[in-house]
Amino acid sequence: MEQALQSSLFDQADRRDLGHGAWLEVRSGWLFQGGQSDDSLFAELRDTIPWRAERRQMYDRVLDVPRLVSFVDFSDHDALPAPHPRLKLLRRRLNDAYAGELGEPFVTAGLCLYRDGNDSVAWHGDNIGRSSTEDTMVAIVGLGATRVFALRPRGGGPSLRIRHHHGDLLVMGGSCQRTWEHAVPKTARPTGPRISIQFRPHDVR
């Protein structure tokens with residue numbers, strides 16, 4: 001059973017209780033609020049970020065990961081290339097909004113480039129490096145084409161499908177990474193490229 005949700009159903013800071021300490025927040029058009037950004041960010045990141053293709057062992061085969069990826073560690077001041085300056089601005093905005101509640105800052109950004117509808121990410125939770133009882137927070141900024149962001153409870157239950165639009169911010173908090181899974185499924189519909197930027201605290205991947 002699936003429950004389809006539009007990000008427009010959420011108010012600018014409306015938070016949806018998912019149960020068992022998990023919550024989801026969608027801020028439509030967050031990227032453009034206050035005139036702090038514009039449509040050029042997608043092209044800047046697509047053309048300047050050092051994207052790489054990955055391969056992964058799946059049972060008895062090694063397969064291409066169906067997306068391009070990049071990773072930024074803001075705490076590594078010697079890292080090259082240096083983080084894109086506009087990623088630094090986004091991180092600052094997110095820390096201003098959420099670091100107090102989180103109890104720590106966002107320190108990394110994982111970037112995924114979905115080139116078309118054949119690119120995807122499978123069901124997973126971003127809890128590597130954290131204990132099985134520790135809450136955390138992941139903030140995702142979407143750029144480019146609209147794609148479905150799906151969530152489902154671990155162990156089964158009604159799932160959610162959210163249309164993640166260009167400029168929307170989606171935040172998963174509380175126990176969400178432990179009690180829910182999320183994915184970006186493939187689509188047969190013609191779709192353009194999309195960049196997803198996932199801001200995370202220390203030791204969350």
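A salt bridge is taken here as a side-chain nitrogen of Lys or Arg within 4 Å of a carboxyl oxygen of Asp or Glu. In this predicted model, Arg55 and Asp64 form such a pair, their closest N and O atoms being 2.5 Å apart. Both partners of this pair are on the accessible side of the classification, since Arg55 is exposed and Asp64 is exposed as well. The structure holds twelve salt bridges, and several of them are described in the following sentences.

A salt bridge also joins the side chains of Arg52 and Glu54, with an N to O separation of 3.2 Å. Glu54 has a relative accessible area of 25% and is therefore partly exposed, and Arg52, with a relative accessible area of 37%, is likewise partly exposed. A further salt bridge is formed by Arg115 with Asp119, for which the closest N and O atoms are 2.8 Å apart. The two partners of this bridge fall into separate classes of accessibility: Arg115 is partly exposed, with a relative accessible area of 41%, whereas Asp119 has a relative accessible area of 5% and is buried, the cut-off for that class being under 20%. Beyond these pairs, a network of salt bridges links four residues, namely Arg15, Glu25, Arg27 and Glu101.

Arg194, which is placed in strand β13, presents another situation. This residue is buried yet takes part in no salt bridge, and the nearest side chain of opposite charge, that of Asp168, is 8.8 Å away. Because a salt bridge requires the nitrogen and the carboxyl oxygen to be within 4 Å, the distance of 8.8 Å between Arg194 and Asp168 does not meet the criterion. The side chain of Arg194 is nevertheless joined to that of His164 by a polar contact of 2.8 Å.

Attention may next be given to the pockets. The largest pocket contains about 740 Å³ of space, and its lining comprises 33 residues, those nearest the centre being Arg56, Arg67, Cys112, Val121 and His124. Two or more lining residues are contributed by each of the elements β4 (52–58), β5 (61–73), β6 (108–114), β7 (121–124), β12 (180–184) and β13 (194–200). Of the contributions to this lining, that of β5 is the greatest, at eight residues. When the lining of the largest pocket is divided by class, 16 residues are nonpolar, eight are polar and nine are charged.

Two residues are finally noted for their backbone geometry. His20, although not a glycine, has a positive phi of about 55 degrees. This residue lies in the loop between β2 (15–19) and β3 (22–27), and, with a relative accessibility of 75%, His20 counts as exposed. Asp203, also a residue other than glycine, has a positive phi as well, with a value near 65 degrees. The position of Asp203 is in the segment that comes after β13, and its relative accessible area of 41% makes Asp203 partly exposed.

Conventions
Residues are numbered from 1 along each chain as its sequence is written. This is a predicted model: local features need pLDDT of at least 70, side-chain atom pairs count only at pLDDT 80 or more; totals for chains, interfaces and linings use all residues. Side-chain values use heavy atoms; hydrogens and water are left out. Buried means under 20% relative accessible area, exposed over 50%, partly exposed in between (1.4 Å probe, protein chains only). On a 1 Å grid over the protein atoms alone, a cavity is a set of points where a 1.4 Å probe fits but cannot get out, and a pocket is an open set with protein on both sides within 12 Å along at least five of seven lines; lining residues have an atom within 4 Å of a point. Grid points are joined across faces, edges and corners, and a volume is the space filled by probe spheres set on the points. Helices (H or I, at least four residues) and strands (E, at least two) are DSSP runs, numbered from the N terminus. Ala, Val, Leu, Ile, Met, Phe, Trp, Tyr, Cys and Pro count as nonpolar, Asp, Glu, Lys and Arg as charged, and the others, Gly among them, as polar. Lys and Arg count as positive and Asp and Glu as negative; His and the chain ends are not counted. A polar contact is a pair of N or O atoms within 3.5 Å; within protein, one must be able to donate a hydrogen and the other to accept it, and residues adjacent in sequence count only if both atoms are side-chain atoms.
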